[in-house]
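Open the model in your viewer and keep the selection tool ready. The tour goes stop by stop.

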Amino acid sequence: MTSQLISKQVETLTDWTAVASGEGHVLGLTGNGSLWAWGDNLCGQLGDGTVTNQAVPVRVGADTDWKLVTAGASHSLGIRHDGTLWGWGANAFGQLGVRPVRKQPTPVQIGLYTDWKHIVAGHMHTLALKDDGSLWGWGSNGFGQLGPGLPNQQNSPIQIGTHTDWVAIVAGSLHSLALKQNGNLWTWGDVQ
């Protein structure tokens, strides 16, 4: 890959509705619900079934029901319109929430729940909200980015606390933030 020092339109498609950027890869959704990816792909984070870097957007499967995507350092996740959650790419720290803990070059469903509302990817951890306002996390927890008292690595989604009034989440490299309905902001992990 080469550096692009001035802005340039991604010309392959013109009906983008959402975009997410990881450490070296990009995910994009189009108006018809199709998923596209480009950039670094060493861990399969593009989801196209390969580990080949892509300089231009490539289609991820044939599905047209993607609603939301997010990108971590080398992992990617998405929610479909039916509320199911999917992940692909690096999984050495359980950041995809699936077993076995190995890289996944194509999207795999995470659990059987159909009530996922929002998803964000940190460097090597993931946070998600369900429709009921509960907060879930998995992946690396070496700095407490999933919350205090949990093991250093969580390989499948686990509810964080018992509250069901979360409305927004953000995942940083080694820390996390969440907003409650009452406007209170909470943070945990490496917050120095």
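What follows is a short walk through two groups of strands and one loop residue.

Before you start: this is a predicted model, in which local features need pLDDT of at least 70, side-chain atom pairs count only at pLDDT 80 or more, and totals for chains, interfaces and linings use all residues. Residues are numbered from 1 along each chain as its sequence is written, and side-chain values use heavy atoms, with hydrogens and water left out.

**Stop 1: β3**

Select residues 35-39, strand β3. Strands here are DSSP runs of E, at least two residues, numbered from the N terminus. Are the residues of β3 buried or exposed? Five of five are buried, meaning under 20% relative accessible area (1.4 Å probe, protein chains only). In a regular strand, side chains alternate between the two faces of the sheet. Colour the two sides of β3 separately: Leu35, Ala37 and Gly39 lie on one, Trp36 and Trp38 on the other. Both faces are covered.

**Stop 2: the neighbours of β3**

Add residues 25-30, strand β2. β2 runs antiparallel to β3, joined by five bridges; two strands pair if DSSP finds at least two bridges between them. Find Leu29, which stands opposite Leu35 of β3. Now trace the hairpin turn: four residues separate β2 and β3, and Gly33 there has a positive phi of about 85 degrees.

Next, add residues 54-59, strand β4. Three bridges join β4 to β3, again antiparallel. Centre on Trp36; its bridge partner in β4 is Arg59.

**Stop 3: Asn53**

Move to the loop between β3 and β4 and pick Asn53. Its relative accessible area is 40%, so Asn53 counts as partly exposed (between the 20% limit for buried and the 50% above which a residue is exposed). Check two distances. Asn53 and Trp38 are 15 residues apart in sequence, yet 7.2 Å apart in space, C-alpha to C-alpha. A polar atom of the Asn53 side chain lies 2.8 Å from the backbone nitrogen of Asn41.

**Stop 4: the β13-β14-β15 sheet**

Which strands form the open sheet, and in what order? Three do, as β13-β14-β15, with antiparallel pairing. β13 (166-171) and β15 (185-189) are the edge strands; each has a single partner, so one side of each is left without a neighbour in the sheet. The twist averages 20 degrees from one strand to the next, using axes fitted to C-alpha atoms and angles from 0 to 180 degrees between N-to-C directions.

Finish on residues 175-180, strand β14. β14 pairs with β15 in the antiparallel sense over five bridges. Select Ser176 and its bridge partner in β15, Trp188.

Technical notes. A polar contact is a pair of N or O atoms within 3.5 Å; within protein, one must be able to donate a hydrogen and the other to accept it, and residues adjacent in sequence count only if both atoms are side-chain atoms.
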